[in-house]
Amino acid sequence: MLISRIYTGMVFCLICFVLCKHNTFANKTINLTNLSSPYNISSSLEYFETSNSKLCFRDIQSKHFTPYLKKNISVGFSDATQWFKINLVSAKTSNWVFECGNPVIEYIDVYIPQQNKQYKVFKGGSFVAKDKRSYTSSYPIIHFNLLANQPKTIFIKTKSQRAFYAPFLIMPEAIHEVKRYSDERKVWILDGVQLLENFLISIIAFFLLKTNTYKIFAIYSLCILFTVSAYHESIGDCFTNNPNQSSHIDAFPYRLLSIFEIILTFSFLPIATLYPKWVKWFLYLSIVSTCVLTLAIYFDYNWRWIKMNVVNTLIANIFIILLFAYAYYKKVKLEWYFVFSFIFSFTGFIFFQLRLLQIIDYTFINNLVFFTDPIKITFFVLLICKIYLRSQQSEVSPAIMLEYQPEYHNIPLNNNDHHPPSPITSFTDLNFEIEKFSVPIQQEQHINQQDEVFLQRIEQIIEAHLSDSAFNITDLADELNLSTVQLRRKLKTLTNQTTVEYIRNYRLKKAAELLKNRNGNVSDVAFQVGFESLSYFTKVFQESFGKSPSEWSKSFK
């Protein structure tokens, strides 16, 4: 009985405490007299949400508002209308500024009481035409005044089917001018760096790095560039004056980012051989669902489609990281500098998506996103340096080096099903078509016996490292106890080919032989002979033999 009374008393005290705290908050008025810096009023707001679009402002004023208590405004995907209110007072007459810290909020109306006790509505939001907004800046900014010791109750109405996260700030008008210039400099620096780095990466990857994967990465970097630009409504306005259509255009690059991420993943990793079959189909499904959801958002703008698109992108991004983590665990030979540059390109977006879905709520996420950009560009610079050093070792230009030595997916192969011929085996028994279309390894007809032994030794070494795509002229020269310069000159004299051409042509002839004998499909054969990029293998094979690998294989049926 005693325990029951104690428990009842504790519950009663708790209820009284909550009610007293609520009443204290409800009657709380924010005194701005000594405010000398921007003040985030989000946690001081009262909040009311409704799905009834017929409620007028007079009805809203009589509704019961509850304390918001969050550090920033975080509204999930919904078609509901959110109302906020706050009581403000100042001991002296002064001018003030209200600022919403997110320019992509769809609709925001601020109700400011006037001297006649009537409320004036200031309209804004990305879905409102610029000539009808109550401000000219990209961020919603409303100016108002407070008379000495005369409290004002300000109402803020928001509606946005896409989720948004923003601080609501109050500051003196003079402080706002300082903040505005500071914010503009910050935007010019941070966004400018993002735009510049993505532009330079796109140019380098597309024009200097001559493989399909680098070109796809260039297009992907351009999409990121457009996504950053679209945040400031600088893309859609170039095509239309309609604010709704303009917002769709601004969001278009962001919604398609996951498609390029998946295509790049296919280009990096041997999806067909390293992972179960369902992985490939899951990635295909992600691409299709992204296209379908993007079209659905455009033709039927609805918060459900938008949320599904964010969830779909989030799942795809996390899944891609897990695929690369598994490849790292399996010690797959990749160009990891390139991989890390790619991964850090979208890591920041993952945290944004988690915050939009209200899974996490941290104010440092913006800084975290900006922190990932220097990491991305650092890995990309390391990649360029590595390629340059490799090209110097190979004594060819970096552009040529990139064309024939892309370091993509190489996976340790199980050769139990394929026993290569003796290393001394020559290619004299190959089919006439191979000799017809390929570049012969020996172009000089008259060589002495010592030179022939030398070439046979080279073939033995290449054969022993056939599936190792990282095997290069430095490794070959080391095994022959020659310098790379000596090796290049001797091979050039005997075969009229560079060392790189000699190794590549040997791999291609070996691939032609394997395809003729049906020793695996095209992808398997490419990996067996040391080509990490299937697209590059197909390209150089067709240049040498006049047929694609699949056409070559079919011609021997």
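This is a short walk through one protein model, from its confidence to a few of its helices and residues.

Okay, so first thing: what you're looking at is a predicted model. How sure is the predictor overall? The mean pLDDT of the protein is 80, and 82% of the residues get to 70 or more. Two stretches do drop, though. Residues 17-26 sit below 50, and that piece has eleven contacts beyond near neighbours in sequence. Residues 394-445 also stay under 50, with 134 contacts beyond four places in sequence. Where pLDDT is low, please don't read the predicted coordinates in detail.

Next, the transmembrane regions. An unreviewed UniProt entry places them at several spots, including residues 281-299 and 336-356. What does the chain do there? Over 281-299 the model is 100% helix, no strand, and the end C-alpha atoms are 27 Å apart. Over 336-356 we again get 100% helix and 0% strand, with the ends 30 Å apart.

Now have a look at helix H3, residues 173-208. There's a nonpolar surface patch of about 740 Å², and its members include Leu-196, Phe-199, Phe-207 and Ile-219. Which element gives the largest share? Helix H3, with seven residues. Phe-207 lies in that helix. Is Phe-207 buried or exposed? Exposed, because its relative accessible area is 55%, and the cut-off is over 50%.

Last stop: Leu-382, in helix H10, which covers residues 365-394. Leu-382 comes in at 33% relative accessible area, so we call it partly exposed. Its C-alpha is 9.5 Å from that of Ser-341, although the two residues are 41 apart along the chain.

Okay, that's me done.

Terms used:
Residues are numbered from 1 along each chain as its sequence is written. This is a predicted model: local features need pLDDT of at least 70, side-chain atom pairs count only at pLDDT 80 or more; totals for chains, interfaces and linings use all residues. Side-chain values use heavy atoms; hydrogens and water are left out. UniProt positions are given in the numbering used here, feature names are shortened, and annotations may be inferred rather than shown by experiment. Helices (H or I, at least four residues) and strands (E, at least two) are DSSP runs, numbered from the N terminus. Buried means under 20% relative accessible area, exposed over 50%, partly exposed in between (1.4 Å probe, protein chains only). pLDDT is the predictor's confidence in each residue, from 0 to 100. Contact means heavy atoms within 4.5 Å. Patches are made of residues with over 30% relative accessible area and no salt bridge: like charges are joined within 9 Å, nonpolar side chains (Val, Leu, Ile, Met, Phe, Trp, Tyr) within 5 Å. Accessible areas come from the Shrake-Rupley method with a 1.4 Å probe; for residues, only the protein chains shown count as cover. A salt bridge is a side-chain nitrogen of Lys or Arg within 4 Å of a carboxyl oxygen of Asp or Glu.
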